[in-house]
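This report covers a strand pairing, the overall form of one chain and the contact between two chains.

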Amino acid sequence: MTKINFLKPDKNNLNTFLYLGSFLFFISIFDVFLNSFFKLNIVGFLPNFLSFLMPLILGFIGLYFVRIEYSGIKQLDLINKNINTNNFNAVLSLLIIFVVIKSTPPVLSWFFIDASFAGDSKDVCSGSGACWTYIKVWMRRFMYGMYPNAEQWRINLSFIALALLGSVGFFATDRFKKYLTLYYVVIYPLIAFLFIFFFISGGPVFFDFSYGIIAAILSIILGFFIPSKFRFYYFLIVPIVLYIALKYFLFFEETIELGKLDGLNWVETGAWGGLSLTFIISFFCLIFCFPIGMAFALGRRSEFPLIRYISIGFIEFWRGVPLITVLFMSAVMFPMFLPADFFIDKLVRCIIAISLFEAAYVAEVIRGGLQALPRGQYEAAKSLGMGYWKMHIFVILPQALKLVIPGIANTFLALVKDTPLIFVVGLLEIVGMLNLAKTNPEWLGFAMEGYVFAAIIFWIICYAMSKYSYNLEQKYKTDR
Amino acid sequence: MNFKLKDLGPQLITVIAVVLIFGFFTYNAQINMENRGIDFGYGFLSQESSFDVQFSLIEYDGSHSYFRAYLVGLLNTILVSVIGIIIATIIGVIVGVARLSPNYLINKFAAYYVEFFRNIPLLLQIFFWYFAALRALPLPQDAEAIFGVFFLTIKGLYVPAFIWENFNIFFYSIVAAVIAIIVIRFQAKKLQETQGKQIPVFLIAIGLILILPLLSFLIGGVSLSFEIPKLKQLAATSFVYDGGLSLPPELIALTLSLSLYTATFIAECVRAGIQGVGKGQKEAAASIGLTPNQVLKLVIMPQALRIIIPPTTNQYLNLTKNSSLAAAIAYPDLVLVFAGTALMQTGKAIEIVSITMFTYLSLSISISILMNWYNKKIAIQEK
């Protein structure tokens, strides 16, 4: 047996140090564990200050003893390498372990053990935990806002239909793959628009919806007879023209009459709200801000100085002001700029404002992608005799957009996180509804539950989006 | 410049479209204002505002002008932004460095922090702190003192106030110290370039900034005392703290949420910056015999800062713009005081919204011009 120097752990006395160190370490963890779960203090006999620091001191000595390099034990080396490289790291690791152990019981008891789930009145919430009954009772309001209960199936049906239509891309066979871009850029947004504004809104305008469907189907059928050279322009123009023609020239009178007779009930946009409104606004802003942003990104890199300066002015203006003032502008200043008898719905104004605001950010992101492309790509495309639009559509943009997927995803995330700001114009999505519910005299004092609930929902949405964008980035990564 | 007629077409169309849109808006605005009997003008700024503001850095009450109200709002915005930027930078740098730590626990802890706070809307966080977390604090009469002098209550944080005598002498001594440090730094650089000698500038700087103000206390007649807040009874159940400085809960909630939220983005910038410096740089610097401190100071930091500073400035700008969310919890910032209350009273929508937007716009454009200049200055000069 060699001599042991307790100030210097070495490999010769590996077992001694290992047993002693791990014993001290587990004692310290055990102490904190007992303290937080059972309110016991096994070092209570010590002076107050010392007993408070005791676990840290014991754990520190324990970790110091087990810090032996190349001990030959795989697990020990792993631990030393990961949480125990030096004294400073050991203290930090211990503190983090203690904080986690300490905070587990109160969090658990608030969330689950002392929380109340049953019942549907405030009386059941007498415990010290969370009152999830409150969330349960107000669930419909948080999801649909002031939308009438009897009509909420319309929102559900629209969202399910749109989700199904949106997932077409995953099931498309190779034959239809080439139409997917067209579908997602033109047809899908159009269908979504018709769904939201005529099915969810309802009323006489519901019949517009059927015109939209008729227009879309007619134009798709006709589209097969159009030479592929003009198909792009065809689908850009004809569905909208058909729709307008159907609406204003064919059945105008009957629409109103039919709507009054047996259409869906009209629900004004002021009553929309909750999480569904968050989705609606994010969806439309996402659709609108992308093409606008792309146009301004191209404009900013244009050879024409006037177009360039206008684009720079637009982008820098929107990037320089906070969204809340933009919404203020759309609420109080924008109506002044329109003819007196011309009225734009609050929700539409909101969507326009947020779209323009986010478009500036999208433009900057796309510009980054355009700048990152090597000059050779432009020159090669030009030398093949491609014009400006052909070059951008077939060569530059596909590559540039691949490069900027993370940036675009971040902008869209910011957009989703910005939607609660619409409280400025009086629209109440989920956070706004929470604030409303909080002030209800029958349900006072449950602000915490509401905010935690909304935070969980938003966190899941945003986290899923960021993970999805990461997957996209990996999928489209091309080595150049 | 080779002039082409072909190039004129698209530009002309764009300009005409822009002019038409703006013309349409101005025309409508004129007609609308005539109909409603509003006249356009900024004369209202000198009128008496006749509304009160809860929290103000400069002297203000209802008898002051609207311009003064604008200043109050602007100063409150700047106050929140500056405090938020300082705290966010501290947290962000710590978390960013922690994300690169070899320690598994610290690394994960930092990663969870970033993922957690980044994915929750800022407005929700502000509401959470203001309406849920800070409402759980004790009433003034039940509050326990922290270190005997701070009181954290539901009505805000009360801290001791500084009472200075001859504050200007103290201030001058600090200015003198800063000037001396700049001169010494300049000389040290010159000395190193010409003769290769090194002076411990950092130690001298710390000494100067401590000793000069200390001297002002000893011989300059400066003195400092604290006014500790004391509990005062207003009515049977109503208590407040008297004396000292009081920070309203709106300010606390706002700075807390702004800095916790922005810190996640700053942390990512810091991490990217440090990771962006090649490993070879560190090894090369070590192999020519620099000490670890010198490696950090002379090789790693200058290169990492080049990557870190531009996006971080962007985050500072975002924080400043996000501070406008103050309006949601009634902290009297620029948007609430000016675009809210003042607009409501005067009805001058176009003027007030344009002034507010112009303020934010000039703030961000001036900072981005500064940033572009800085970027050009520190960019790698390739030969």
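In this predicted model, Ala161(B) stands opposite Glu227(B), a residue of strand β5(B). The two strands concerned are β4 of chain B, residues 161-165, and β5(B); their pairing is antiparallel and runs over five bridges. Strand β5 of chain B covers residues 223-227, and because the number of buried residues among these five is zero, the strand lies largely in the open. In a regular strand, side chains alternate between the two faces of the sheet.

Chain A has 21 helices and one strand. Its overall form is summarised below.

| Property of chain A | Value |
|---|---|
| Radius of gyration | 31 Å |
| Radius of gyration of a compact globule of 480 residues | near 23 Å |
| Span of the C-alpha trace along the principal axes | about 100 × 70 × 45 Å |

Of the 480 residues in chain A, 32% count as buried. Among contacts in chain A with a separation of 6 or more, 69% join residues 24 or more positions apart.

How many residues does each chain bring to the contact between chain A and chain B? Chain A gives 43 residues and chain B gives 48 residues. On the side of chain A that touches chain B, at least two residues each come from α3 (74-83), α4 (87-113), α14 (305-320), α15 (323-333), α20 (430-438) and α21 (447-475) of chain A. The largest share there is that of α21(A), with nine residues. By residue class, the side of chain A that touches chain B holds 33 nonpolar, seven polar and three charged residues.

Terms used. Residues are numbered from 1 along each chain as its sequence is written. Chains are lettered from A and ligands numbered from 1 in the order in which they are written. This is a predicted model: local features need pLDDT of at least 70, side-chain atom pairs count only at pLDDT 80 or more; totals for chains, interfaces and linings use all residues. A residue is buried if 20 or more other C-beta atoms lie within 10 Å of its own, exposed if 12 or fewer, and partly exposed in between; C-beta atoms are placed from the backbone. Helices (H or I, at least four residues) and strands (E, at least two) are DSSP runs, numbered from the N terminus. Two strands pair if DSSP finds at least two bridges between them. The radius of gyration is taken over C-alpha atoms; the globule rule is 2.2 Å times the number of residues to the power 0.38. Two residues are in contact if their C-beta atoms, placed from the backbone, lie within 7 Å. Ala, Val, Leu, Ile, Met, Phe, Trp, Tyr, Cys and Pro count as nonpolar, Asp, Glu, Lys and Arg as charged, and the others, Gly among them, as polar.
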